[in-house]
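Below are some notes on the model, set out as numbered points. Please read them with the coordinates open.

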Amino acid sequence: MEVGLQIQGSTSFRPVFGERGRLKIKTFLGCSPRSRSFTFSSLPSGGSHYPSNDILQKISASADFSRRKQGRMAASGPKSSTPRGFVPRTPVGSSQKRNQKKTAEKDDIATTTVPNEFPEISNKLLGAKVDMEQKGSVTSGEMILENEMDNESETLKEEEDEEEDEEEELPSTIQESGSSENLMMLENGSIGKEAEISAVQEKETVSGSSARNKATSEDDKSLRLMLEKEREIQRRKEIEALADENLARGIRMFTYPPIAKPDEDMEVFLNRNLSTLNSEPDVLIMGAFNDWRWKSFTRRLEKTQLKGDWWSCLLHIPKEAYKMDFVFFNGQSVYDNNDEKDFTVDVEGGMDVFEFENFLLEEKRREQEKLAKEKAERERQEEEKRRIEAEKAAAEADRAQAKIDAQKRREVLKRAIQRAEISVENVWYTEPSDFKGGEKVKLYYNKISGPLANAKEIWLHGGYNNWVDGLSIVAKLVDTELEEADVKVADWWYAEVFVPDRALVIDWVFADGPPQGAVLYDNNNRQDFHAVVPRRPPEELYWLEEENLIFKKLQEERRLREEAIRAKVEKTARLKAETKKKTFERFLLSQRHVIYTDPLDVQAGSSVTVFYNPSNTVLNGKPEIWFRCSFNRWTHRMGPLPPQKMIQSENGSHVKTTVRVPLDAYKMDFVFSEREDGGIFDNNHSMDYHLPVVDGIVKEPPMNIVHIAVEMAPIAKVGGLGDVVTSLSRAIQELNHNVDIILPKYDCLKHNHVKDLEFNRSYHWGGVEIKVWHGKVEGLSVYFLEPQNGLFWRGCVYGCSDDAGRFGFFCHAALEFLLQGGFHPDIIHCHDWSSAPVAWLFKDHYMHYGLSKVRVVFTIHNLEFGDNLIGKAMEYADKATTVSRTYSKEVSGNPVIAPHLHKFHGIINGIDPDIWDPYNDNFIPVPYTPENVVEGKRAAKEALQNRLGLKRADLPLVGIITRLTHQKGIHLIKHAIWRTLERNGQVVLLGSAPDPRIQQDFENLANQLHSTHCGQARLVLVYDEPLSHLIYAGADFILVPSIFEPCGLTQLTAMRYGAIPVVRKTGGLYDTVFDVDHDKDRAEAQGLEPNGFSFDGADSAGVDYALNRAISAWYDGREWFHSLCKRVMEQNWSWNRPALEYLELYHSARK
């Protein structure tokens, strides 16, 4: 005999599954003519939660187990706080039975504490029924209440009795066969498509369907209760078995189900007798998930009726859990923490540790985005508040100014009214004579009354109210054509004039032509003419209105001024951001011949493909290439990734591999090897390969860098060293690192550039008191050391006979200051011979006494001076640099450099784009960008010609800004001056010579040129900072013919201002200037376009070769030349890229 499923009405299963997907099944013996019967030969398990449960299997309905998502720190228990242990219940009467039953059903939906399976309907069902009758009750923590079930059993007793005889013959309706042809999956309140149902169909009549539906609903409820009872009985048996087993083994804690799964409920049991809480009346559990990092909770345990003093509570395991950590306590200070190891339960089938880490990172990202939005909104509101307050203050200031201006005008106009007349006999008069503002009048003038008697035309140039708005009335007079006899007495001309509305007095002169075209004037003997307006408004009312008009005008002027400033600031910021972006891209592409990525920007949380060309490295010709990668300077929590064998790319010479970048990455680190287990490595000359990762949720920890130097621009600048110290420090600081500078406190410091200078402390070293001052220079933190022995009270930076001793004392004092001051820098950066002693003094005296983690970086700015000191610093420094790649090659054979090439690097200098900015330069007449470079440079050239007395003409102008030394090629400079004049160009030289003989030589040359070529040449033999800006802006070319040049900043500044460099190929000049005729490929390799003219030799022929081509280009292709000016302006020679390279060097030094 089979058990059928009654289906009412149609074959749709929607009515079968009740609200929220509950499964409605009615047991039916035999075949009903009014229903359709289905035979379930085999039903697969929905995923058994309990391995020992051989009854509760095969049918799953998950729609009952929907839950509300919990907050991050929400308690992890179900909605009902009652545990599911065996807690006795108070019986309820029949009148309460239905309500209690509904409550239990709702709790069932809310807590989802039972597995979503239904038992097999088999002979075991009869055994379960007998067991229920014998035991009388079943206890359930939240869904099936013990006494409730007894009452419901009585309700079903009559129906069970009627079916009792037939149940003995009841065969198993749901077979455990594995046949896939008869599977039926019940999920989320619907029947799976895979299920094949074999049913005996009989005709149904429409009549009586309503009654059958009602009866079926009652039967479904009955069956559901029976299934729930069976399930609860089985659950009870399993918990009792677990309790007995753990008690026998002396284990005080277990969970049910034994295997914890994410997003499900779990009951925790504690045997109080076996616990340190054995005498405590209250037992609570406190815990969290995933090593105490996720969703903390505290719950009270309730005593169960299990044998052995077991207490329990129900918890919900979040879907993100891989482990649950907890302890028990009495609510106060008595704990059971598993012998100080805490209790843990592993969660199976969910996230692993790394997945959870990524989940937390996503949470952190969202939190950061939220905080960023909130911060931005706060800043916007604060800015709006400041704007409103500023507008209010500005309005009050404008109102006060309007009062002052109105009073001044009133006094001036009062005197003007007193001087004004209605007419002057035989000179001028008006018709009508009685008029007011806003009306037209005819103004008559007797031509022969003044100096315009012979003029062919008469014009009126006028204004009003003592010329308050300047020239605002212009009219041509016409002849009245009087009789000839009258002309001898008067020759009257007139013009019709509109009187301004607010005019009290009309002011004018007569002229023989219109404005800008008149030669002769009648201005009433320099008093001008003034006519009073006869009908004027009331005086007080007029001046009150005038004050308001002045106020509105001031407000409008302020608005326009502030808008212009704001627009300029926004444009400056945009240009700066665009420049940084281009620099960053250029930096990423700088090694494209070896490595590059797709996409170019490595994005956190995404995949990136790395392309590598081994043919340009030490791995050239190797049959295999292996990629070894990690993140965050090899410190990422995941450690190094397993080596990956790279595959051939479509590019031919490149191999590639793809890597997933974690969300908490800020740097991608990698090297290449020939084998999986190592072999030969390409580690980028011991620097490793590093690529920045953008949009990560973790930022790179800042480094602490200290520069110890004897120069710093603009407060103590002698040469390029001072510029580098300031500009490099600013660029590093803009990359969110901490920078301090230690400098001698010279008595010749330019204190006007030091902000917030204040005494910091005093200390002693070498028997000398050293006072420390602190201030800000260009936004940088600077410590000034002032030894009281007077070493730096000499009125100069260099030039003393004991310079080596002075600066040696300073270097030792600086290190002592760091030690005594408790500083812990990551990098000490020293420069040139003057602070070279820092390198060995640190290693010999300070590295083992509190500054052990510090690394020393030493930079050579010019090897011409102090090579012995430089050589010793090279030996002791962790890393060494010089200021261009080509210069590093040029000096690599020097005996003080050659032994240390493994740690010697060339990094090109940059310029400070905030100091050298033609768009925000107060020393030039018109601000300009690449878009209006032609107009800007034309205005600057005219201003330069006017200032220096040069001929105002459209001629090629060559600028020279330099120290006059042999290094700078002074013989080539002289030749270039004469060659430019021969080509009908103009020359401006700005500079001075430290050698008096050279200075005198150029003074003689200046006198000669100023007398013979005064309109074409001007030599200014003193340094003038504002004039240098004007020369860069006004010159077409900047000449730099250095014999050797470690880097050179002149050519870089020239290009910033759109001036084309003409240079000799040496050092940094070769690295930054690419000849328009010969260096296209070399420029392209650097991601650039050609940008100037260059020559090789150190003789006049070399200069002529470059200079002639440059001047000819100016004459012959002006449009092309203008495009070249725009191109060089768009190239970025700031410190943005060098700063990135220095950061990599700093990190390499710390490895």
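How many residues does the hairpin that joins β32 to β33 run through? The first point gives the answer, with the caveat that the model is predicted.

1. The hairpin between β32 and β33 passes through two residues. The two strands pair in the antiparallel sense, with three bridges between them. Ser673 has Phe681 of β33 as its bridge partner, which gives a convenient register check.

2. β32 (residues 667–675) has further partners. Strand β28 (residues 626–631) runs antiparallel to β32 and is joined to it by six bridges; here Arg628 is matched with Val671 of β32. β34 also pairs with β32 in the antiparallel sense, over four bridges, and Met668 has Leu691 of β34 as its bridge partner.

3. Burial of β32 fits this picture. Eight of the nine residues in the strand are buried, so β32 is largely enclosed by the rest of the structure.

4. Helix α7 covers residues 539–589. Its 51 residues should span 75 Å at 1.5 Å a residue, and the 74 Å between its end C-alpha atoms agrees with that. Its buried residues include Tyr542, Trp543, Glu546 and Glu547, as well as Thr583, Arg586, Phe587 and Leu588. Ile550, Phe551 and Leu554 are also among the buried residues of α7. The buried residues pack against α5 (353–419), β34 (689–694) and α23 (1136–1150), so β34 has contacts with α7 as well as a pairing with β32.

5. The second largest pocket has a volume of about 1,400 Å³. There are 41 lining residues, and those nearest the centre are Gln591, Asn684, His685, Arg885 and Glu1141. Elements that each supply at least two lining residues include α7, β33 (678–682), β34 and α23. Others on that list are α13 (885–890), β43 (904–906), α19 (1067–1072) and α20 (1080–1085). By class, the lining has 16 nonpolar, 16 polar and nine charged residues. Anyone assigning protonation states here may start with the residues nearest the centre, among them His685, Arg885 and Glu1141.

6. Helix α9 has 18 residues (803–820), which should span 26 Å at 1.5 Å a residue; the end C-alpha atoms are 25 Å apart, in agreement. The helix is mostly covered, with 13 of its 18 residues buried. Gly822, just after α9, takes a positive phi of about 75°.

7. A separate group of four strands forms an open sheet, ordered β16-β17-β21-β20, with antiparallel pairing. β16 (428–431) and β20 (478–479) are the edge strands; each has a single partner, so one side of each is left without a neighbour in the sheet. Strands β17 (residues 440–446) and β21 (residues 492–498) run antiparallel and are joined by seven bridges. Asn446 has Trp492 of β21 as its bridge partner.

8. Is the pairing of strand β44 (residues 957–961) with β45 parallel or antiparallel? The pairing is parallel, over five bridges, and Ile961 stands opposite Leu990 of β45. Five of the five residues of β45 (residues 986–990) are buried, so the strand is largely enclosed by the rest of the structure. Both faces are covered, with Gln986, Val988 and Leu990 on one side and Val987 and Leu989 on the other.

Methods:
Residues numbered from 1 in each chain as written. Predicted model: local features only at pLDDT ≥ 70, side-chain atom pairs only at ≥ 80, totals over all residues. Heavy atoms only, no water. Expected span 1.5 Å × (residues − 1). Buried < 20%, exposed > 50% of the residue type's maximum accessible area, 1.4 Å probe, protein only. Contact = heavy atoms within 4.5 Å. 1 Å grid on protein atoms, 1.4 Å probe; cavity = no way out; pocket = protein on both sides within 12 Å on 5 of 7 lines; lining within 4 Å. Points joined across faces, edges and corners; volume = space filled by probe spheres on them. Nonpolar A, V, L, I, M, F, W, Y, C, P; charged D, E, K, R; others polar. Pairing = 2+ DSSP bridges.
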